[in-house]
Amino acid sequence: MMSGGLNTQVSPTASQASELIRSGQARSEAVLEALLTPGSAAVSERLEDAMRYSVLGGGKRLRPVLLYAVGRALGCDEEAADRAALDAAAAALELVHAYSLVHDDLPAMDDDDLRRGRPTVHRAFDEATAILAGDALLTLSFEVMATTGHVRTPALVRTLAEASGRRGMVAGQALDLEAVGQFREVEALSRMHAYKTGALIRAAVRLGGLVAVDEQDSRLAALERYASAIGLAFQIQDDILDVTGDTATLGKTAGADAARDKPTYPSLLGLEGAQERAGQLLQEALDALAPLGEAAEPLAVLARYMIERDH
């Protein structure tokens, strides 16, 4: 390893990854709890209950964890304004992610009964309430982002909007639905997941970066390459776990993709081929971090976590 550079050879311990994740989870949970605390201003208690159920029912909080790690790697998170902006962006990302899961689980989409080890929102409440809860979470995310007061708020809002909509996550879900029952090339599958899963992961990394530096900073391009690699690696590991995992550990129905005849990396590359591809993406992510030096070590830890996790 070069002096002052990032060590890409030494594998982080499980405790390093666990501590990073616990810290980011706790911080984002506190922000989300405060945002969704029932109050006298609630118009519909049932809607509020469904929103809380969907957001505060567990989850890895990977996107906030990444966002906070990027902020620290770029030297922010000390000023009150930066901390507030990071917290707002972290919460907004999780609100968008939660809304997407609520809607993806609906009968018209994936028709899932289990999410994070308990009934999906449309099963716990009803289908109409689930749709409205998703709508409310999405709009709340932009309310949170728009009121940060940070100097780069317009860029932060634009980043979240682009990642969430017709050129991001929603486009990926549309491609996913179109792919059911069809044989797809690996390139097409990768393109779909670059939108469906990768868009919000890239947004998490970019948002953390934008709180710290302006849009012309060259380190943002390196972080974009890192985010693209880990976003795809994360999805490949999800596909692998759908084959090798069990429902109790995953918190969702194992084997669901195969049952729906959805194309996955193991189905196109084989299990070993999918694992090999995930390893290649890990190395791409680590290589992309070189311009950030040793400050990026926590991001390397998280990259390795992507393909070592069991749920």
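**A friendly note on this predicted model**

1. A good place to begin is a charge resting on a ring: the charged end of Arg 118 sits over the ring of Tyr 53, 3.6 Å from its centre. Keep in mind while looking that the model is predicted. A second arrangement of this kind involves Arg 309, whose charged end sits over the ring of Phe 234, 3.9 Å from the ring centre.

2. Tyr 53 also takes part in the one aromatic pair that the structure holds. Its partner is Phe 125; the ring centres are 5.5 Å apart and the planes stand at 80 degrees, so the pair is edge-to-face. The two residues come from distant parts of the chain, 72 residues apart: Tyr 53 belongs to helix H2 (residues 45-55), while Phe 125 lies in the loop between helix H5 (121-124) and H6. Are these two residues buried or exposed? Both Tyr 53 and Phe 125 are buried.

3. Thr 120 is worth a look in the same tour, since Tyr 53 is one of the residues it touches. Leaving aside residues up to four places away in sequence, Thr 120 also touches Asp 105, Asp 112, Asp 113, Leu 114 and Arg 115. Thr 120 lies in the loop between strand E2 (118-119) and H5. With a relative accessible area of 1%, Thr 120 is buried.

4. Now step back to the whole protein. Its secondary structure comes to 16 helices and two strands. Of its 311 residues, 53% count as buried. Among contacts between residues at least 6 apart in sequence, 75% join residues at least 24 apart.

5. Which residues have the most contacts inside the largest nonpolar core? They are Leu 66, Leu 223, Tyr 226 and Leu 299, in a core of 92 residues. Helix H4 (residues 80-104) gives the largest share of this core, 13 residues. Leu 223 touches Val 70, Leu 74, Val 205, Leu 289, Leu 292 and Leu 299, with residues up to four places away in sequence not counted. As background, nonpolar side chains in soluble globular proteins tend to be buried together.

6. Helix H6 (residues 127-146) lends itself to a simple check. At 1.5 Å a residue, its 20 residues should span 28 Å, and the end C-alpha atoms are 29 Å apart, which agrees. At the start of H6, a side-chain oxygen of Asp 126 reaches to within 3.2 Å of the backbone nitrogen of Ala 128. The buried residues of H6 include Ala 130, Ala 133, Gly 134, Leu 137, Leu 140, Ser 141 and Val 144. In general, an α-helix has 3.6 residues a turn, so residues three or four places apart point the same way.

7. Two arginines deserve a glance at their backbone. Most residues other than glycine have a negative phi. Arg 61, however, has a positive phi, near 55 degrees, and lies in the loop between H2 and helix H3 (62-73). At 2% relative accessibility, Arg 61 counts as buried. Arg 116 also has a positive phi, of about 55 degrees; it lies in the loop between strand E1 (114-115) and E2. Arg 116 counts as partly exposed, at 24% relative accessibility.

8. To finish, find Glu 272 in helix H15 (residues 271-288). Its relative accessibility is 67%, so Glu 272 counts as exposed. The C-alpha atoms of Glu 272 and Ile 240 are separated by 9.4 Å, with the two residues 32 residues apart along the chain.

Definitions and conventions: Residues are numbered from 1 along each chain as its sequence is written. This is a predicted model: local features need pLDDT of at least 70, side-chain atom pairs count only at pLDDT 80 or more; totals for chains, interfaces and linings use all residues. Side-chain values use heavy atoms; hydrogens and water are left out. Helices (H or I, at least four residues) and strands (E, at least two) are DSSP runs, numbered from the N terminus. The expected span of a helix is 1.5 Å times one less than its number of residues. Buried means under 20% relative accessible area, exposed over 50%, partly exposed in between (1.4 Å probe, protein chains only). A polar contact is a pair of N or O atoms within 3.5 Å; within protein, one must be able to donate a hydrogen and the other to accept it, and residues adjacent in sequence count only if both atoms are side-chain atoms. A nonpolar core is a set of buried Ala, Val, Leu, Ile, Met, Phe, Trp, Tyr and Cys residues joined through side-chain atoms within 4.5 Å. Contact means heavy atoms within 4.5 Å. Rings of Phe, Tyr and Trp (its six-membered ring) pair if their centres lie within 6.5 Å; planes under 30 degrees apart count as stacked, over 60 as edge-to-face and the rest as tilted. A charge sits over a ring if NZ of Lys or CZ of Arg is within 6 Å of the ring centre and within 35 degrees of the ring normal.
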